[in-house]
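Let's take a walk through this structure together. Have the sequence and the 3D view open, and we'll go one piece at a time.

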Amino acid sequence: MLITSRFPLVDLIPWKSNGFEECLLDDLDAKAACAVLRKWGVQGDDPCLVSLTEEVHRHALTVDVLGSYLGTYCNGNPSQAPSFAPEFLIKADPKTAKLHRILTFYAEKLSGKERNLLAKLAAFPSGIQEGVLYEIACQDRNSNDTQGPFIEMRGVLEQLRKLGLVFRYDLAGSLA
């Protein structure tokens, strides 16, 4: 039996040594995601297709199904892709609706810096190392100061961690 999921199957964890094998798949890189869409006949230049695949986080199965849909029913026209806006997604799943409502309340309360950082972190669903965080912080700087923005970002990260919106793992893999 093969089960695919975007989420860990925690109910099967006790079976890991008794027949259950977990195989985690990485999201596609931009070039591969565009190739999948093109395989289905989706038309458009690289920036257009990259933007479309980023809407679904370049998740391999989702990109493939989207390509199939666009190629089959929309003559390969990427502008015919369904909307992935939250207001459309909440109608599909009650759990999503609840999460959307909570996150909407958070968005109203968070500072602009917190929302901005969360948006950037969303591009890294499997986590991010401190070196990449440093690079992100340096992109936001307005001067030659490389440490100030990073120190400020660490403060914002700590605020988000306290809210339970981000998590930190130490080198041993335990949640901090």
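Which helix does Lys 120 lie in? Find α6, the helix made of residues 112-121, and you'll have found Lys 120 as well. Keep in mind as you look that this is a predicted model. Lys 120 counts as partly exposed, because its relative accessibility is 23% and anything under 20% would be called buried. Now look for Leu 133, which sits 13 residues away from Lys 120 in sequence. From C-alpha to C-alpha, the two are 9.6 Å apart in space.

Let's zoom out for the overall picture. The chain has eight helices and zero strands, so if you read along the sequence, you get nothing but α-α-α-α-α-α-α-α. There are 176 residues in the chain, and 20% of them count as buried. As for the outside, the accessible surface comes to about 13100 Å², with 57% of that belonging to carbon and sulfur atoms. Here's one more number for the whole chain: take the contacts with a separation of 6 or more, and 47% of them are between residues 24 or more positions apart.

Now head to helix α1, residues 30-39. Ala 33, Cys 34, Val 36 and Leu 37 are buried there. They sit on the same side of α1, because they cover an arc of only 155 degrees around the axis. Turn to the other side of α1 and you'll meet Lys 31 and Lys 39, both exposed. What do the buried residues of α1 pack against? Their partners are α2, residues 46-55, and α3, residues 60-73.

Helix α2 tells a similar kind of story. Its buried residues are Leu 49, Val 50, Leu 52 and Thr 53. Looking down the axis of α2, you'd see these buried residues fall within an arc of 160 degrees, so they line one face of the helix. Among the things covering them are α1 and α3.

Let's pick out one residue from that face. Thr 53, in helix α2, counts as buried because its relative accessibility is just 1%. Who does Thr 53 touch, once you leave aside its neighbours within four places in sequence? It is in contact with Ala 33, Leu 37, Arg 58 and Val 63. You've already met two of these names: Ala 33 and Leu 37 are among the buried residues of α1.

Another name on that list, Arg 58, deserves a stop of its own. You'll find Arg 58 in the loop between α2 and α3. Most residues other than glycine have a negative phi. Arg 58 isn't a glycine, yet its phi is positive, at about 55 degrees. Is Arg 58 buried or partly exposed? It is partly exposed, because its relative accessible area is 22% and the buried label needs a value under 20%. Ala 32 is worth finding too: it belongs to helix α1 and, at 29% relative accessibility, is partly exposed. Ala 32 and Arg 58 are 26 residues apart along the chain, and their C-alpha atoms are separated by 9.0 Å.

Arg 58 also helps line a pocket, the second largest one, with a volume of about 260 Å³. Other residues in the lining include Asp 26, Asp 27, Glu 54, Glu 55, His 57, Ala 122 and Pro 125. What mix of residues makes up this lining? It divides into five charged, four nonpolar and two polar residues.

For the last stop, follow the chain to the loop between α3 and α4 (86-89), where you'll find Asn 75. Here is another positive phi in a residue other than glycine, with a value near 55 degrees. Asn 75 is exposed, because its relative accessible area is 67%, and the cut-off for that label is over 50%. If you don't count residues up to four places away in sequence, Asn 75 touches Gln 43 and Leu 70. Gln 43 is 32 residues from Asn 75 in sequence, while their C-alpha atoms are 8.6 Å apart in space.

Terms used:
Residues numbered from 1 in each chain as written. Predicted model: local features only at pLDDT ≥ 70, side-chain atom pairs only at ≥ 80, totals over all residues. Heavy atoms only, no water. 1 Å grid on protein atoms, 1.4 Å probe; cavity = no way out; pocket = protein on both sides within 12 Å on 5 of 7 lines; lining within 4 Å. Points joined across faces, edges and corners; volume = space filled by probe spheres on them. Nonpolar A, V, L, I, M, F, W, Y, C, P; charged D, E, K, R; others polar. Helix = DSSP H or I, 4+ residues; strand = E, 2+ residues; numbered from the N terminus. Buried < 20%, exposed > 50% of the residue type's maximum accessible area, 1.4 Å probe, protein only. Contact = heavy atoms within 4.5 Å. Areas by Shrake-Rupley, 256 points an atom, 1.4 Å probe, with all protein chains shown as cover. Arc of directions from axis to C-beta.
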